[in-house]
Amino acid sequence: MPSFLRSSRPRLVVLLLACLVFAAACARPIRITHSAGAPGLPGTATERQIELDLLDRVNMERAARGLNRVTLDPNLANNAYAWSFTMAAQNSMYHSNLLTWISPYVAVAENIAWETSPPMTAGDMHVMWMRSDPHRHNVLAPNLTHIGIGVACVNGRMWGTERFGSTWSPDFGALPPVSPIVRADRGALAC
């Protein structure tokens with residue numbers, strides 16, 4: 001072997017390894033992030049807008065009843081999005097195993113929904129949850145402190161998951177009445 005190849009072999013190996021590392025880094029899936037305050041969350045801009053609208057609606061309902069706002073938890077939001085996408089991919093709506101994501105909370109709850117008759121808006125999904133006793137109870141439980149909302153728009157259909165967590169109490173309190181629904185408007189946000 002010529003001497004110039006022997007002396008440059010370590011450089012060539014380092015260069016080859018650097019190229020492989022760069023290629024592997026570029027091959028990872030791209031995560032679309034929301035630019036308005038929720039860095040690192042997956043999904044499209046439309047899905048993020050719907051999620052932020054649902055968060056606003058939940059906190060307006062809570063404020064109208066003298067309850068503390070729930071804080072957006074990015075881990076709950078990522079998991080809620082993944083669950084919505086899983087349901088959409090399987091074309092089946094069902095609750096997740098709450099025990100798999102309870103940590104670090106002392107109590108958790110989950111609301112799920114899917115669009116049965118297009119076009120469903122974020123407001124329609126919110127009102128549907130507010131008119132359902134168990135879902136409304138989750139939205140308005142005084143012990144809940146955190147929320148993650150995930151909306152997946154698949155084939156023009158909206159799949160939604162709200163995940164709630166409490167850092168201080170497992171007591172969900174009494175079932176709140178249906179009326180008033182503070183944000184009963186349909187809004188315009190849809191898949």
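How many bridges join S3 to S4? Nine bridges join these two strands, which run antiparallel, where strands are taken as DSSP runs (E, at least two residues) and helices likewise (H or I, at least four residues), both numbered from the N terminus, and where two strands pair if DSSP finds at least two bridges between them. The structure is a predicted model, in which local features need pLDDT of at least 70 and side-chain atom pairs count only at pLDDT 80 or more, while totals for chains, interfaces and linings use all residues. Residues are numbered from 1 along each chain as its sequence is written, and side-chain values use heavy atoms, with hydrogens and water left out.

The chain contains five helices and four strands, and along the sequence these follow the pattern α-α-β-α-β-α-α-β-β. Of its 191 residues, 41% are buried; here buried means under 20% relative accessible area, exposed means over 50%, and partly exposed lies in between (1.4 Å probe, protein chains only). Among contacts (heavy atoms within 4.5 Å) with a separation of 6 or more, 74% are between residues 24 or more positions apart.

Strand S3 offers a way into the fold, since seven of its nine residues are buried and it is therefore largely enclosed by the rest of the structure. S3 and S4 form a hairpin with two residues between them, and Asn155 in the turn has a positive phi of about 55°. Within this pairing, His146 has Gly165 in S4 as its bridge partner. S3 also pairs with strand S1 (residues 71-72), in the parallel sense and over two bridges, and there Leu72 has Ile147 in S3 as its bridge partner.

The loop between H5 and S3 holds Thr145, which counts as buried because its relative accessibility is 16%. Leaving aside residues up to four places away in sequence, Thr145 touches Arg69, Val70, Thr71, Gly165, Ser166, Thr167 and Trp168. The side chain of Thr145 also makes a polar contact with the side chain of His146 at 2.7 Å, a polar contact being a pair of N or O atoms within 3.5 Å, of which, within protein, one must be able to donate a hydrogen and the other to accept it, with residues adjacent in sequence counted only if both atoms are side-chain atoms.

The largest nonpolar core (buried Ala, Val, Leu, Ile, Met, Phe, Trp, Tyr and Cys residues joined through side-chain atoms within 4.5 Å) has 25 residues, of which Leu54, Met125, Ile147 and Phe164 touch the most other members. Two or more residues come from each of helix H2 (45-64), strand S2 (107-114), helix H4 (122-130), helix H5 (133-140), strand S3 (146-154) and strand S4 (157-166), and the largest share, five residues, comes from H4. Helix H4 is itself mostly covered, with seven of its nine residues buried, and these buried residues pack against H2, S2, H5 and S4. Apart from this core lies another, of eight residues, among them Trp83, Met87, Ala152 and Val154.

The structure holds one disulfide, defined as a pair of cysteine sulfur atoms within 2.5 Å, and this joins Cys153 to Cys191 with an S to S distance of 2.0 Å. Cys153 lies in strand S3 and Cys191 in the segment after S4, so the pair ties together parts that are 38 residues apart in sequence. Cys153 is partly exposed, with a relative accessible area of 23%, and Cys191 also counts as partly exposed, at 34% relative accessibility.
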